[in-house]
Amino acid sequence: MECREEMEQIVLPVFYHVDPSDVRKQTGSFGEAFSIHERNVDEKKVQRWRVFLTEASNLSGFHVNDG
């Protein structure tokens, strides 16, 4: 997302076996995994990830449920 903002690069999110709304809101299985991971990471870094994941989930991309 930083490259998108700073260098106007294209970001194409791919949601593989996760619902984009779960990424956007950090809920469901994604939210559970994210909560476990954030215990071992700096709070500021986690907050930045949350913002960028929300932004990415609002972009048009691909949602893959099977395969």
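Biologist: Why is Phe34 called buried in this model?

Modeller: This is a predicted model. In it, Phe34 has 8% relative accessibility. The cut-off for buried is under 20%, so Phe34 counts as buried.

Biologist: What makes Phe34 and Trp49 an edge-to-face pair?

Modeller: Two values decide it. Their ring centres are 6.5 Å apart, with 70° between the planes. Pairing needs centres within 6.5 Å, and edge-to-face needs planes over 60 degrees apart. The pair meets both limits, so edge-to-face is the label.

Biologist: Which parts of the chain does that pair tie together?

Modeller: Phe34 lies in helix H3 and Trp49 in helix H4, so the pair ties together parts that are 15 residues apart in sequence.

Biologist: Is Trp49 buried, exposed or partly exposed, and how do you know?

Modeller: Its relative accessible area is 29%. Buried means under 20% and exposed over 50%. The value falls in between, so Trp49 is partly exposed.

Biologist: How many aromatic pairs does the rule give?

Modeller: Two aromatic pairs. One of them joins Phe30 and Phe34.

Biologist: Why is the pair of Phe30 and Phe34 called stacked?

Modeller: The ring centres are 5.9 Å apart and the planes stand at 20°. Stacked requires planes under 30 degrees apart, so the pair is stacked. Phe30 and Phe34 are four residues apart in helix H3, which means about one helical turn separates them. Ring pairs then link Phe30, Phe34 and Trp49 into a cluster.

Biologist: On to charges. How many salt bridges does the structure hold?

Modeller: Two salt bridges. One joins Glu2 and Arg48.

Biologist: What makes Glu2 and Arg48 a salt bridge?

Modeller: Their closest N and O atoms are 2.7 Å apart. The limit is 4 Å, so the pair qualifies. Glu2 sits in helix H1 (residues 2-7) and Arg48 in helix H4 (residues 43-57), so this bridge ties together parts 46 residues apart in sequence.

Biologist: How do you know whether Glu2 and Arg48 are buried or exposed?

Modeller: Neither word fits. Glu2 has 35% relative accessibility, and Arg48 has 46%. Partly exposed runs between 20% and 50%, so both count as partly exposed.

Biologist: What makes Arg50 and Glu38 a salt bridge?

Modeller: The closest N and O atoms are 3.1 Å apart. That is within 4 Å, so the pair counts. This bridge links distant parts of the chain: Arg50 in helix H4 and Glu38 in helix H3 (residues 28-38), 12 residues apart. Arg50 is partly exposed at 21% relative accessible area. Glu38 is partly exposed too, at 24%.

Biologist: Why is Val14 called exposed?

Modeller: Val14 has 53% relative accessibility. Exposed means over 50%, so Val14 passes. Val14 lies in strand S1 (residues 14-16). With Leu12, Tyr16 and Phe62, Val14 forms a nonpolar surface patch of about 450 Å² of accessible area together.

Biologist: What does the side chain of Ser57 reach?

Modeller: The backbone oxygen of Thr54, at 2.8 Å. Polar contacts need N or O atoms within 3.5 Å, so the distance fits. Ser57 is in helix H4. At 3% relative accessibility, Ser57 counts as buried.

Biologist: What pLDDT does the chain average?

Modeller: The average is 88, and 99% of the residues score at least 70. Among the elements, H1 has the highest mean pLDDT (92) and strand S2 (residues 62-64) the lowest (81).

Note on methods. Residues are numbered from 1 along each chain as its sequence is written. This is a predicted model: local features need pLDDT of at least 70, side-chain atom pairs count only at pLDDT 80 or more; totals for chains, interfaces and linings use all residues. Side-chain values use heavy atoms; hydrogens and water are left out. A salt bridge is a side-chain nitrogen of Lys or Arg within 4 Å of a carboxyl oxygen of Asp or Glu. Helices (H or I, at least four residues) and strands (E, at least two) are DSSP runs, numbered from the N terminus. Buried means under 20% relative accessible area, exposed over 50%, partly exposed in between (1.4 Å probe, protein chains only). pLDDT is the predictor's confidence in each residue, from 0 to 100. Patches are made of residues with over 30% relative accessible area and no salt bridge: like charges are joined within 9 Å, nonpolar side chains (Val, Leu, Ile, Met, Phe, Trp, Tyr) within 5 Å. Accessible areas come from the Shrake-Rupley method with a 1.4 Å probe; for residues, only the protein chains shown count as cover. Rings of Phe, Tyr and Trp (its six-membered ring) pair if their centres lie within 6.5 Å; planes under 30 degrees apart count as stacked, over 60 as edge-to-face and the rest as tilted. A polar contact is a pair of N or O atoms within 3.5 Å; within protein, one must be able to donate a hydrogen and the other to accept it, and residues adjacent in sequence count only if both atoms are side-chain atoms.
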